[in-house]
Amino acid sequence: MAGGLAGAAALSQFPEFSQQYLQRMAGHVEELTRFVEAFDADAAALGVSREQALTDLAQGGAIGAERAETMRQTMIRQARLSAALQDLRGAGPFTRAYRASAFTDTELARATLKDFKPAMPLTFEGLVFGAVGFVAGMLALSGISAMLGRALRRRGPA
């Protein structure tokens, strides 16, 4: 019963956590997109492509090379988060759980978890996740108990 209650309490929080993660991701994507678009506008104003602008920036000494690499990484992150956001934006909580691999940005997950406050799951999906967590927790604790019991029986009396 304790394992079931712990599992229910933990898993019932997934819908709210995923919603908050998605909101935080959307904010990051908007800000990164603004930054990338400003860089692209600067390059266009000079009549060069993004890649040419990055190459030119990299040739501007040590700080230019660092800034060019930072900009490349920013563009990669923006594209990756945009794709994940597109994948998750229209998905409900059950589909988000199925697509859990889209929740792989550790910086975003840590920041979301830092601000996350557990809530009573009063939505349908919260109740379903809670029920699944309850069953999974009971099964996990029962399995651990059974393995420990078998191990102790094999040893015999001390």
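This is a short tour of the aromatic pairs, the nonpolar cores and one helix of a predicted model.

**Stop 1: the aromatic rings**

Select F17, Y21 and F116. Ring pairs join these three residues into a cluster. The structure has two aromatic pairs. Start with F17 and Y21. Their ring centres are 6.3 Å apart and their planes stand at 35 degrees, so this pair is tilted. Both residues belong to helix α2, residues 14-45. They sit four residues apart, about one turn of the helix.

Now turn to F17 and F116. Here the geometry is edge-to-face. The distance is 5.7 Å centre to centre, with 80 degrees between the planes. Show the backbone around both. F17 is in helix α2, while F116 is in the loop between α6 (106-115) and α7 (124-155), so the pair ties together parts that are 99 residues apart in sequence.

Are these rings buried or exposed? F17 and Y21 are both buried. The relative accessible area of F17 is 18%. F116 is buried too, at 13%; the cut-off for buried is under 20%.

**Stop 2: the largest nonpolar core**

Keep Y21 selected and add M25, L81, L85 and L88. The largest nonpolar core has 17 residues, and these five touch the most other members. Helices α2 and α4 (61-89) each supply at least two residues of this core. Which helix gives the largest share? It is α2, with eight residues. In soluble globular proteins, nonpolar side chains tend to be buried together.

Centre the view on L81. Leaving out residues up to four places away in sequence, L81 touches M25, H28, V29, L32, D105 and L108.

**Stop 3: the other core**

Next, select A43, A53, L54 and M71. These are among the seven residues of another core, which lies apart from the largest one.

**Stop 4: helix α4**

Select residues 61-89, helix α4. Check its length from end to end. At 1.5 Å a residue, the 29 residues of α4 should span 42 Å, and the end C-alpha atoms are 41 Å apart, which agrees.

Then colour the buried positions of α4. They are G64, A68, M71, T74, M75, R77, Q78, L81, A84, L85 and L88. What covers the buried residues of α4? The cover includes α2, α3 (50-58), α5 (93-98) and α6. Two stops meet on this helix: L81 is among the residues of the largest core, and M71 is one of those in the other core.

Notes
Residues numbered from 1 in each chain as written. Predicted model: local features only at pLDDT ≥ 70, side-chain atom pairs only at ≥ 80, totals over all residues. Heavy atoms only, no water. Phe/Tyr/Trp six-rings, centres within 6.5 Å; stacked < 30°, edge-to-face > 60°. Buried < 20%, exposed > 50% of the residue type's maximum accessible area, 1.4 Å probe, protein only. Core = buried A, V, L, I, M, F, W, Y, C linked by side-chain atoms within 4.5 Å. Contact = heavy atoms within 4.5 Å. Expected span 1.5 Å × (residues − 1).
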